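Here are my notes on the model you sent over. I went through the ligand site and then the charged pairs.

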Amino acid sequence: MVTQDTDVLILGSGGAGLFAALHAHRADPALSIAVAVKGLLGKCGCTRMVQGGYNVALAPGDSVERHFMDTIEGGKWLPDQELAWKLVTLAVERVHELENELGCFFDRNPDGTIHQKAFAGQTFDRTVHKGDLTGIEIMNRLAEQVWAAKIARLEEHRALELIKTRAGDAIAGVLLLDMRSGEYLFLRARAVLLATGGGPTMYRYHTPSGDKSCDGLAMALRAGLPLRDMEMVQFHPTGLLAGAYTRMTGTVLEEGLRGAGGYLLDGAKERFMPRYDAAAERATRDVVSRAMLSEMRSGRVSPHGGLYLSMAHLGPENVRRQFKGMVERCADCGFDLAGGLVEVVPTAHYMMGGVEFRPDCTTGLAGLFVAGEDAGGVHGANRLGGNGVANSTVFGGVAGDEMAAWVNEAGALQEPDRAALDAAIARCERPMRPGKSGHGELEALREALYATMWEKVGILRGAAGLHSALADLAAIDDALEAHALFDRSRAFNLSWHDWMNLKSLVAVSRVIAQAALARNDSRGAHYREDCPESGPLEQSNYTSVRRKGDALEIALRPVAFTRVRPGETLLRDAA
Ligand SMILES: Cc1cc2nc3c(=O)[nH]c(=O)nc-3n(C[C@H](O)[C@H](O)[C@H](O)COP(=O)(O)OP(=O)(O)OC[C@H]3O[C@@H](n4cnc5c(N)ncnc54)[C@H](O)[C@@H]3O)c2cc1C
């Protein structure tokens with residue numbers, strides 16, 4: 001095993017990871033900074049996939065207070081208010097930084113001001129965008145800056161384990177696998193950022209990129225860190241449904257389509273959303289996804305078992321101009337978005353839950369920072385469309401600044417717990433032993449995971465289904481533990497990586513199911529058919545799960561209303 005040292009180690013190269021790298025570098029250009037990423041820098045993860053845009057209060061009439069209230073109310077009063085405040089206030093600074101320092105060019109109004117469009121669940125049109133390919137603009141500019149700076153790139157390096165000191169009181173570094181050779185690398189670091197981007201890819205229909213398998217959350221869990229709000233998995237209402245044999249199925253058709261006035265139709269081509277909510281298709285994602293599942297359960301479905309999205313009434317030319325990327329993506333799958341109907345299904349999109357953290361991105365482990373989708377508490381029970389990329393870029397930048405300060409003030413290189421390193425390697429080597437697992441077994445286990453999570457821990461949940469899911473997940477994990485790889489070569493062994501992906505996904509799925517059982521009410525993305533009431537907002541609790549030995553310890557903790565209480569508002573004109 002190779003061992004190297006660095007001042008700052010960043011895991012993941014999405015919006016959070018790259019912003020952190022740039023900010024740490026700018027704060028102190030003398031620092032050695034390394035970005036380790038499972039894929040290629042700037043080419044993987046979900047920030048690149050951002051279509052709709054970036055929420056920020058810029059326009060006259062809007063305000064950070066309004067953005068904050070939308071975030072808190074959309075999150076059903078579960079967000080940590082200090083985190084949400086930091087999000088909305090620093091988003092303003094970050095979007096200017098994206099334009100004026102990094103060179104992003106967002107769409108403009110005729111008068112030269114930045115164009116901001118409507119996104120569901122918000123009281124103001126505040127979503128900044130570059131057509132419907134906003135993430136590519138942001139990631140390309142970010143990656144160019146990182147390439148140009150003195151920042152080390154460890155591409156196709158998979159983080160395997162957070163390694164603490166022997167005393168267990170601080171992070172010492174991270175065990176990585178060089179995917180190109182299959183060799184282990186231990187990188188000692190004074191400060192480490194977890195920015196691997198969560199990603200609910202354990203559900204049959206899901207939107208995130210395939211490199212995301214909740215590795216960061218699984219590592220944090222094994223390191224004993226608490227995860228909050230893990231029952232809160234957001235389903236995006238409009239996943240493309242093009243059959244089981246294309247990876248395009250499950251990919252997202254952006255929220256702006258509903259924001260612009262798109263209709264959802266049942267299998268008989270009738271509009272149904274006005275029956276469920278006054279905001280109809282513009283209701284929040286949780287409301288629309290539940291309504292869609294209810295329609296699907298009633299049997300009024302499209303040929304592939306979903307529903308339809310219709311935009312034609314807005315004028316095909318207009319749709320083609322406004323949503324060029326979406327129109328092309330649908331055409332690739334044989335659908336005419338501008339003038340016809342597109343089959344859609346709710347699809348798992350985002351995890352509001354993640355590692356508990358403070359507004360300065362510190363965690364319960366000294367030297368370990370977290371940002372982006374790996375972090376929990378910013379969005380509570382529901383993330384507003386457009387608040388995801390704001391979250392990763394805002395907190396990524398904060399983490400970079402704070403890590404630079406930490407390294408200069410306190411962070412010394414520490415000796416790792418060698419026993420923990422050996423144990424982590426032994427865990428990863430388990431499927432490399434000789435054995436006779438059949439071809440296709442991992443695929444069957446993935447299918448079993450998809451089925452369990454979609455049917456029993458999905459949009460509608462109940463105690464019986466959740467208990468049954470926990471039993472299923474234990475059985476899948478046992479089967480993974482018993483699995484022996486057919487091909488035991490080390491370089492780019494995708495079956496080995498598949499096994500590791502599944503291990504992470506099952507570990508985190510168990511947390512989701514346990515947290516969903518613990519929350520005996522329905523809030524935002526979490527809907528218990530056996531406990532449909534939301535419970536009193538004044539007594540809002542969040543779930544906090546941590547691993548103790550082999551068991552999961554679950555606590556319900558009160559949300560601190562540090563800025564506004566339920567029934568109050570920060571908006572002066574609404575008082
Ligand atoms: C299709 C789609 C559309 C979206 N549209 C919007 C939108 O319009 N507006 C919005 O606000 N949000 C949107 N989001 C959400 C948004 O993309 C995310 O909230 C945000 O960008 C996540 O940023 P991140 O840096 O935390 O993670 P990511 O950008 O996902 O980056 C994670 C990084 O971690 C790496 N990684 C993973 N595991 C490991 C490991 N074990 N070791 C090393 N590296 C690892 C990955 O390869 C990747 O580089 C969308 C998401 C999707 C999937």
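The points below take the ligand and then the salt bridges.

1. First, a reminder that this is a predicted model. Every distance and area below is computed from it, so to speak, as is.2. What sits around the ligand? The shell counts 39 residues, and the closest are Cys46, Thr47, Gly53, Asp211 and Val389. By character, the shell splits into 13 nonpolar, 19 polar and 7 charged residues.

3. Now the backbone contacts to the ligand. A backbone N or O atom of alanine 159 comes to 2.9 Å from a ligand nitrogen. For glycine 386, a backbone N or O atom is 3.3 Å from an oxygen atom of the ligand, and for threonine 196 the corresponding distance to a ligand oxygen is 3.5 Å. The ligand on its own would expose 1,000 Å², and the protein buries 98% of that.

4. Which elements give two or more residues to the shell around the ligand? They are α1 (15–27), β2 (33–37), β7 (157–164), β14 (341–351) and α10 (387–409). Helix α10 supplies the largest share, 4 residues.

5. Aspartate 178 deserves a look. You'll find aspartate 178 in strand β8 (residues 171–178). Aspartate 178 is buried but has no salt bridge, and the nearest side chain of opposite charge, that of arginine 180, is 5.2 Å away. With a salt-bridge cut-off of 4 Å, that pair does not count. There is a polar contact, though: a polar side-chain atom of aspartate 178 lies 2.9 Å from the backbone nitrogen of arginine 180.

6. Where does the arginine 180 side chain find its partner? It meets glutamate 156 in a salt bridge, at 2.6 Å from N to O. Arginine 180 lies in the loop between β8 and β9 (183–194) and glutamate 156 in the loop between β6 (152–155) and β7, so this pair ties together parts 24 residues apart in sequence. Arginine 180 is partly exposed, at 42% relative accessibility, whereas glutamate 156 is buried at 17%.

7. Next pair: glutamate 255 and arginine 285 form a salt bridge, with their closest N and O atoms 2.6 Å apart. Glutamate 255 belongs to the loop between β11 (233–240) and α6 (256–259), while arginine 285 is in helix α7 (residues 285–297), so the pair ties together parts that are 30 residues apart in sequence. Buried or exposed? Glutamate 255 is buried, with a relative accessible area of 2%, and arginine 285 counts as buried too, at 5%.

8. One between helices: aspartate 477 and lysine 503 form a salt bridge, their closest N and O atoms being 3.0 Å apart. Aspartate 477 is in helix α13 (residues 463–482) and lysine 503 in helix α14 (residues 494–518), 26 residues apart, which makes this a link between distant parts of the chain. Aspartate 477 is buried at a relative accessible area of 14%, and lysine 503 is buried with a value of 14%.

9. There is also a network: salt bridges that share partners join Arg26, Glu93, Arg94, Glu97 and Glu101. How many salt bridges does a search of the whole structure find? The total is 46, and the pairs in points 6 to 8 are among them.

Methods:
Residues numbered from 1 in each chain as written. Predicted model: local features only at pLDDT ≥ 70, side-chain atom pairs only at ≥ 80, totals over all residues. Heavy atoms only, no water. Near = heavy atom within 4 Å. Polar contact = N/O pair within 3.5 Å; in protein donor to acceptor, adjacent residues only side chain to side chain. Areas by Shrake-Rupley, 256 points an atom, 1.4 Å probe, with all protein chains shown as cover. Nonpolar A, V, L, I, M, F, W, Y, C, P; charged D, E, K, R; others polar. Buried < 20%, exposed > 50% of the residue type's maximum accessible area, 1.4 Å probe, protein only. Lys, Arg positive; Asp, Glu negative; His and termini not counted.
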